[in-house]
Structures are given as structure tokens and as C-alpha cells.
Amino acid sequence: MSCTKCGSENVIIHRRYSGQHLCKKCFIETIQKKVLKDIKKYELIKKGDKVLVALSGGKDSTTVLDILSILAERNIIELEAITIDEGIKDYREKGIEYASETCKKLGIPQHIFSFKEHFKITIDEIMASKPPRKACTYCGVLRRWILNKEAKKLGADKIATGHNLDDEVQAIVMNYLEGNIENLTRIGPATYSQKFVTKIKPLREIPEKEVTAYVMAKGLKVHLEECPYRKTSFRKKIGTILTGLSKDHPTILYSTLRGHEKIRNALKKELKGESILRECIRCGQPAARDLCKTCTLLKEIGRLKDEIHSHNR
Ligand SMILES: [Zn+2]
Ligand SMILES: [Zn+2]
């Protein structure tokens, strides 16, 4: 088998959804081109933007940083990284270490924040208290709170996350199966809201497998271990089903994504008049009700006394 693009015999990947065989060099090029093309197509980044990559040290966010550093090198954007330490023992430390190494190597400033400093509690401590919800709920909500707050302080125009094609399709299917139809209208290449820093997903159309292949082809150092809390999640189960389906139907992830794009606008119209964002009375961050999601979760587990107060803007 030879490379569909250059004829080299050194093929490292076969794309079943397109029939292409690619050598290392052509593979790296197609990924970078595709991501940069999507950034243009969906107008994810403007010249002069300050972009903050939410960098965990895992394969996805490291790939985003690596590809966006091309734009930073060309002086099109200002690029920095933000890493959040949720406090997951024997797991997060390695990710942070690799994230810092990558930033140093690429010459990109990195900011590290922790759940402990912001909420005086770690995810491990929350889970040890046998709370009513799953770890991923606390982790996701609390992480977004820190990201938004710190990104605003840093004057960022965009927060880039590592969501890949598999993540995105999992979210679509999960929300559909759980009946969270309103959430479906919010899934897309970028999330705009007046009160939150705009989030962008440059890898949204890259399959997870190819992100892994990119990291290996480029020799990027990443933390490949899976989060210990993710193992039991609903997302994980959906992911397993979709991966299984993809074996016989290699285009299924793309067709689900395209199908969602078509119904998204219709859904938006149908669901018009959704909640207007206010400010959380405790922390001042955007909120749909009196309390934002973070403060609601912290209150639920008996953690809303003075902890948040000190951060009151
Ligand atoms: Zn080639
Ligand atoms: Zn709040």
C-alpha cells in the first residue's frame, strides 16, 4: 500500500471513511490543514485574538495547542494555556507535568489553577463525601467556572478545548437519549454567550483515533491514561457503542454530526425564548437562576459557606 497523496511506501494510517492511505508526513499535514480550514470555515478565531487552550496534558488538548501554535508562530494569534488541577490523586499530576513540558517546549505561557484554591475542596474529597451526583458532573461544572473566570481575567477572546469528533457525537447521542433537547441546540463548533468567554472546538471534526495517531506521529508527550472517574460514566458506555458501530459503518460519526447540524437550527427556532443569563448572587459568574450551577452544586454538598464568598469579584 502506498500513500494516496505522495506515493510513499511508509503508510501509517488507513482512513476507512475516505479510503485514503497516508504516510506520516502527509497525515500530519492533512490534520493541520483540516483543523486550520475548519477554524476559517466556522470563523472560530479572528486575527489578533488572544486564545487560551484548556490544556490537560492529554492527547486532545495537546494536539490543539500544537496546531494553534502554528498560528501563534505566524503572529496571527496570541496563545496561552490554562491547566486545571481538579485534585484527582495518582492521575492528574502526570497530566500537569506533561502539559507544562509541552508549553515550555513550544514557548507558550501556562497558567495553572486548582479546585483546592478556588473551592477549598478537590474532586477526590467531593467523591469521598458520597455526593448525590457523578464525578463528571462536579468536575465539568466546576472546571468551566474556573476556566471562564480566569479566562476573563486574562483578557482572553477565546477558550479552545480539545473536543474531538468522537466526543462531540457522544454528546449529541447522550443528550438525545437523555431527552435533553435544549442541550442539543448548544452543541457546535463554537459556543457564544455574552457572559461567558467564547469556547471553540478546533478538533471537532477529527476522529479520536486520528488525534492519537497525530500525537504519535509528531512525538508529542501526552498523558494517555484515562481518568479513573470516567470509567463508569454514561458517556463511556455511549462511546463504546459508537466505536462498535463505526467498525461496520465507518462514516457514522460524520453522518451523526451532519445530521445534528441540520436539526440544530430547527430546534433553536422551536425552543426560542430560553432562559436569559443573570449573575450568580454568590459568585457573580453567569447564572440561569439566582445561583450558578457551581454554587448550586457546592450548596448541595454543604460547601457553600465562606468558601465562595472570598471570590466575590
Ligand atoms: Zn505521503
Ligand atoms: Zn455562583
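Modeller: A UniProt annotation may be inferred rather than shown by experiment, and its positions are given here in the numbering of this chain. The model under discussion is a predicted one.

Colleague: Which residues does UniProt list for "domain: tRNA(Ile)-lysidine/2-thiocytidine synthase N-terminal"?

Modeller: The name comes from an unreviewed UniProt entry. In the model, the span it covers is 52% helix and 15% strand, and its end C-alpha atoms lie 24 Å apart. The entry lists residues 50-222.

Colleague: Why does the salt bridge of Lys50 tie together parts that are apart in sequence, and how many residues apart are they?

Modeller: Lys50 pairs with Glu80, the closest N and O atoms being 3.6 Å apart, which falls within the 4 Å limit for a salt bridge. Lys50 belongs to strand S3 (residues 50-54) and Glu80 to strand S4 (residues 78-85), so the pair joins parts whose separation in sequence is 30 residues.

Colleague: How is the chain divided, and how far apart do the C-alpha centres of the domains lie?

Modeller: Domain 1 takes in 29-226 + 233-272, while domain 2 is 277-303. Between the C-alpha centres of domain 1 and domain 2 the distance is 23 Å.

Colleague: What area is buried between domain 1 and domain 2, and which three residues of domain 1 supply more of its part than any other three?

Modeller: The contact involves 18 residues of domain 1 and 14 residues of domain 2. About 1400 Å² is buried between the two domains, with carbon and sulfur atoms giving 67% of it. Of the area that domain 1 buries against domain 2, 36% is supplied by three residues, more than by any other three: Val141, Trp145 and Lys195.

Colleague: Which helix gives the largest share of the side of domain 1 that touches domain 2?

Modeller: Across this interface there are four residue pairs in polar contact, both residues being at pLDDT 80 or more. The side of domain 1 that touches domain 2 comprises ten nonpolar, three polar and five charged residues. Its largest share, eight residues, comes from residues 135-153, that is, helix H6.

Colleague: How many salt bridges are counted between domain 1 and domain 2?

Modeller: Searching the whole structure gives 27 salt bridges. Arg133 and Glu300 form a salt bridge, with their closest N and O atoms 2.6 Å apart. Between domain 1 and domain 2 the count is one.

Colleague: Where does UniProt place the feature "binding site", and what is the largest C-alpha distance among its residues?

Modeller: An unreviewed UniProt entry places the feature at Cys280, Cys283, Cys292 and Cys295. One of them, Cys283, lies in the loop between strand S9 (278-279) and strand S10 (286-287). The four are spread over 16 residues of sequence, yet they cluster in space, with a largest C-alpha distance of 8.1 Å.

Technical notes. Residues are numbered from 1 along each chain as its sequence is written. Chains are lettered from A and ligands numbered from 1 in the order in which they are written. This is a predicted model: local features need pLDDT of at least 70, side-chain atom pairs count only at pLDDT 80 or more; totals for chains, interfaces and linings use all residues. Side-chain values use heavy atoms; hydrogens and water are left out. Domain bounds come from an automatic or database domain assignment. Contact means heavy atoms within 4.5 Å. Buried area is the accessible area (1.4 Å probe) that two parts lose on being put together, summed over both. A salt bridge is a side-chain nitrogen of Lys or Arg within 4 Å of a carboxyl oxygen of Asp or Glu. A polar contact is a pair of N or O atoms within 3.5 Å; within protein, one must be able to donate a hydrogen and the other to accept it, and residues adjacent in sequence count only if both atoms are side-chain atoms. Helices (H or I, at least four residues) and strands (E, at least two) are DSSP runs, numbered from the N terminus. Ala, Val, Leu, Ile, Met, Phe, Trp, Tyr, Cys and Pro count as nonpolar, Asp, Glu, Lys and Arg as charged, and the others, Gly among them, as polar.
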